[in-house]
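Me: I'd like a close look at just one part of this model. Please pick a single element and talk me through how it packs, with the terms spelled out as you go.

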Amino acid sequence: MTSFVFLRNLRILSVLVRRDYALQYAGSALGLTWMFLQNVSLILIYTIVFYFIGIRPQGENSIEYFSNVLSGLLFWIPLQEYLIRGTGILTDNRQLIKRSPLGPEIFLWIPFVQFLLHWLVTSIPIFLFLAWAGKLGIWSLPLSFLSMFCTGLFLACLQSYLARVNIILRDISPLVRLLTQFLFWGLPILYESKGILGKLNVFNPFFFPLEIFRSALLAGYESKAGILDFLPFLGIFLGIFLLSRTKLNQIVLDHL
């Protein structure tokens with residue numbers, strides 16, 4: 001019986017994901033392809049600047065440095081989309097939530113599924129380059145996907161709270177977009193984690209997930225993050241998740 005309910009919820013979730021994509025790209029000639037082109041264009045810009053033009057730290061090997069940049073972008077781009085899209089998911093589906101018996105919980109998983117799909121699509125050109133550069137290991141694909149899946153679950157704890165607060169406060173998306181900029185520059189994506197920057201990186205909750213992702217993706221990469229620095233963030237995010245489920249749920253339902 002439990003497995004039947006689980007499969008039924010998966011089917012409903014797949015329908016909701018397709019519906020959300022249809023609404024996002026309604027009227028667009030390219031449809032969902034636009035998302036792929038947008039991500040590839042962003043990667044192409046970084047490729048021109050940091051690989052072909054060669055803007056990088058003095059003495060840094062071009063392949064080594066650019067592999068780190070690409071791995072950081074592959075980690076960050078879907079994560080940023082998840083953070084922004086997930087904040088408004090309940091607000092955008094307000095009418096459907098009010099009319100259906102599903103409740104808000106299943107809608108929170110829509111951006112999570114999209115996050116994984118966007119990662120898989122964005123990974124195609126990056127994996128091709130890393131394979132050409134000899135930076136991929138045998139288990140790079142499954143291990144890096146598993147790492148991103150766990151990172152998505154970690155972010156889902158915060159996203160559950162932000163999506164509910166977004167309904168109560170009407171619209172916090174500008175604040176979330178500003179937050180993503182601080183998170184981006186607090187991660188060693190375009191620079192190395194060393195010196196004073198390395199000391200500041202540990203205050204970013206996604207530093208440890210990024211380093212684990214790079215260790216899973218890049219052959220021979222050694223993580224610069226420690227699990228002890230990450231545990232406080234894990235506890236805080238779990239606390240936020242429990243708070244959103246226990247204290248905010250009824251308030252959100254009243255505001256819908």
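**Helix 8 and its packing partners**

Reply: Let's take helix 8, which runs roughly antiparallel to helix 11; by the cut-offs used here, an angle over 145 degrees earns that label, one under 35 is roughly parallel, 65 to 115 is roughly perpendicular, and the rest are oblique. Keep in mind that this is a predicted model, in which local features need pLDDT of at least 70 and side-chain atom pairs count only at pLDDT 80 or more, while totals for chains, interfaces and linings use all residues. Numbering starts from 1 along each chain as its sequence is written, and side-chain values use heavy atoms, with hydrogens and water left out.

So, to the partner we started with. Helix 8 and helix 11 pack at about 165 degrees, and their axes are 8 Å apart (axes are lines fitted to C-alpha atoms over the stretch in contact, and angles run from 0 to 180 degrees between N-to-C directions). The helices themselves are DSSP runs of H or I, at least four residues, numbered from the N terminus. Helix 8 goes past helix 11 in a right-handed crossing, meaning that the near helix is turned clockwise from the far one by less than a right angle; anticlockwise would be left-handed.

Who touches whom (heavy atoms within 4.5 Å)? On the helix 8 side you'll find Ser140, Leu143, Ser144, Ser147, Met148, Thr151 and Phe154, and these meet Pro209, Ile212, Phe213, Ala216 and Leu217 of helix 11. That contact comes out as 8 nonpolar, 4 polar and no charged residues (Ala, Val, Leu, Ile, Met, Phe, Trp, Tyr, Cys and Pro are nonpolar, Asp, Glu, Lys and Arg charged, the others, Gly among them, polar).

Next up is helix 3, residues 62-87, which packs with helix 8 at about 25 degrees, again with axes 8 Å apart. These two are therefore roughly parallel to each other, and they cross in a right-handed way. Helix 3 brings Leu74, Phe75, Leu79, Tyr82, Leu83, Gly86 and Thr87, and helix 8 answers with Met148, Thr151, Gly152, Leu155, Ala156, Leu158, Gln159, Leu162, Ala163 and Asn166. Sorted by class, the contact of helix 3 with helix 8 has 11 nonpolar, 6 polar and no charged residues. If Met148 and Thr151 ring a bell, that's fair: both appear in the contact with helix 11 and in the one with helix 3.

The remaining partner for this tour is helix 12 (residues 227-246), set at about 40 degrees to helix 8 (residues 140-168), with the axes 8 Å apart. That angle makes helix 8 oblique to helix 12, and the crossing here is left-handed. From helix 8, the contact draws on Phe154, Cys157, Leu158, Ser160, Tyr161 and Arg164; from helix 12, on Phe230, Phe233, Leu234, Phe237, Leu238, Ile240, Phe241, Leu243, Ser244 and Arg245. In this contact, 12 residues are nonpolar, 2 polar and 2 charged.

A couple of side chains are worth clicking on in the viewer. Phe154 of helix 8 is listed in the contacts with both helix 11 and helix 12, while Leu158 turns up in those with both helix 3 and helix 12.

Notes:
Contact means heavy atoms within 4.5 Å.
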